[in-house]
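Me: Please take a close look at one part of the structure below. I am new to this structure and would value a single connected account.

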Amino acid sequence: MERADLESALPQIQPFVSVIGLGGGQAIDTAKYFAWRLGLKLHQFPTSLSVDAMYGQRSGVRDNQIVRYVGWATPECIYFDYGILDSAPKDINHAGIGDVFCFFTGVWDWQYANRKGRCEPRWPYNEGLASHSLKLAEAALQGKQAIKDLTPEGINLIIDAFKWGGASYHGAGWCPRHIEGVEHFVFYALEARTGIKFLHGQSVCLGLIAGAMMHSRRAEELREAVAQIGVDIRPESMGLTWEDVDATMLGLRDFVREYNLPYGIAHDFPVDRAFLDELRRSVDRSSEHLSFKENDKGI
Ligand SMILES: [Zn+2]
């Protein structure tokens with residue numbers, strides 16, 4: 001997903017008249033990028049629920065490993081096939097909850113900035129945007145069993161939130177504040193530090209728990225919900241070590257300032273050894289749920 005790689009692939013796409021994004025988040029973003037650069041019609045056919053990219057008009061690409069959202073592509077249609085979604089690995093679908101629960105910590109960051117008088121002038125706090133995000137995230141939290149089971153109801157809870165998270169970024173004037181915050185910043189920082197290509201929702205959910213702890217809001221409730229749905233947030237499940245996580249968290253305050261990310265809890269919170277130990281204890285408690293997850297897969 002490096003932008004330079006996508007650019008160098010453009011000449012191979014020339015004979016075609018439309019682009020179909022068939023696959024997971026990277027396929028969806030690649031299709032958007034090609035459709036935008038070549039002026040082609042776009043159809044999106046996500047085969048998993050790993051991210052909300054199918055509803056966003058901009059393509060998430062990397063410039064030297066940092067995520068940038070570029071371009072403009074709106075699909076003719078977005079297709080979901082319950083049977084195909086059902087055949088995707090459950091872990092990948094479950095990880096989609098990261099792009100839903102991020103509304104909690106995103107809004108909390110925005111409210112924090114508002115209390116501090118530090119909202120960006122172009123993005124003043126907007127209760128309407130914030131409360132709609134929270135309503136969708138609460139609905140998913142209430143429906144966590146249906147999401148774990150990936151029933152049509154559970155899939156629809158995720159898709160309803162994706163529609164909002166993906167499309168309201170533009171609808172709100174490219175304002176990301178009601179849809180992401182510290183939890184995505186942790187993901188960006190982890191990726192920038194390690195170069196690992198994560199299953200998006202896993203690292204976002206780790207950031208969600210860390211962010212909720214920073215805010216001292218509902219961290220245990222969200223940790224339990226993430227574990228019950230079946231998202232593995234242990235560093236080792238993502239190819240990380242605790243040293244990677246600790247170093248990333250310790251450097252988070254500098255990272256969000258260096259990259260001029262929207263002001264939030266990460267700009268101020270003093271991460272120390274006690275916080276890192278508490279985060280680790282919290283993640284370890286999630287491991288208790290992994291045994292039943294493995295049983296679901298017949299292992
Ligand atoms: Zn995301």
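**Two loops and the helix between them**

Reply: Arg-218 is partly exposed, having 15 other C-beta atoms within 10 Å (20 or more would make a residue buried and 12 or fewer exposed, with partly exposed in between; C-beta atoms are placed from the backbone). The model is predicted: local features need pLDDT of at least 70 and side-chain atom pairs pLDDT 80 or more, while totals for chains, interfaces and linings use all residues. Residues are numbered from 1 along each chain as its sequence is written.

Arg-218 sits in the loop between helix 10 and helix 11 (219-229) (helices, H or I, of at least four residues and strands, E, of at least two are DSSP runs numbered from the N terminus). Its phi is positive, near 55°, although the residue is not glycine. Most residues other than glycine have a negative phi.

Trp-174, also not a glycine, has a positive phi of about 55°. This residue belongs to the loop between helix 8 (152-171) and helix 9. Trp-174 counts as exposed because 12 C-beta neighbours lie inside 10 Å.

Helix 9 covers residues 182-194, and its 13 residues reach 18 Å from the first C-alpha to the last, close to the 18 Å expected at 1.5 Å a residue (1.5 Å times one less than the number of residues). Its buried residues include Val-182, Phe-185, Phe-187 and Leu-190. Among the elements covering the buried residues of helix 9 are strand 4 (66-70), helix 5 (98-115) and helix 10 (200-215) (contact requires C-beta atoms within 7 Å). After helix 9 comes Gly-195, with a positive phi near 75°.

Technical notes. Contact = placed C-beta atoms within 7 Å.
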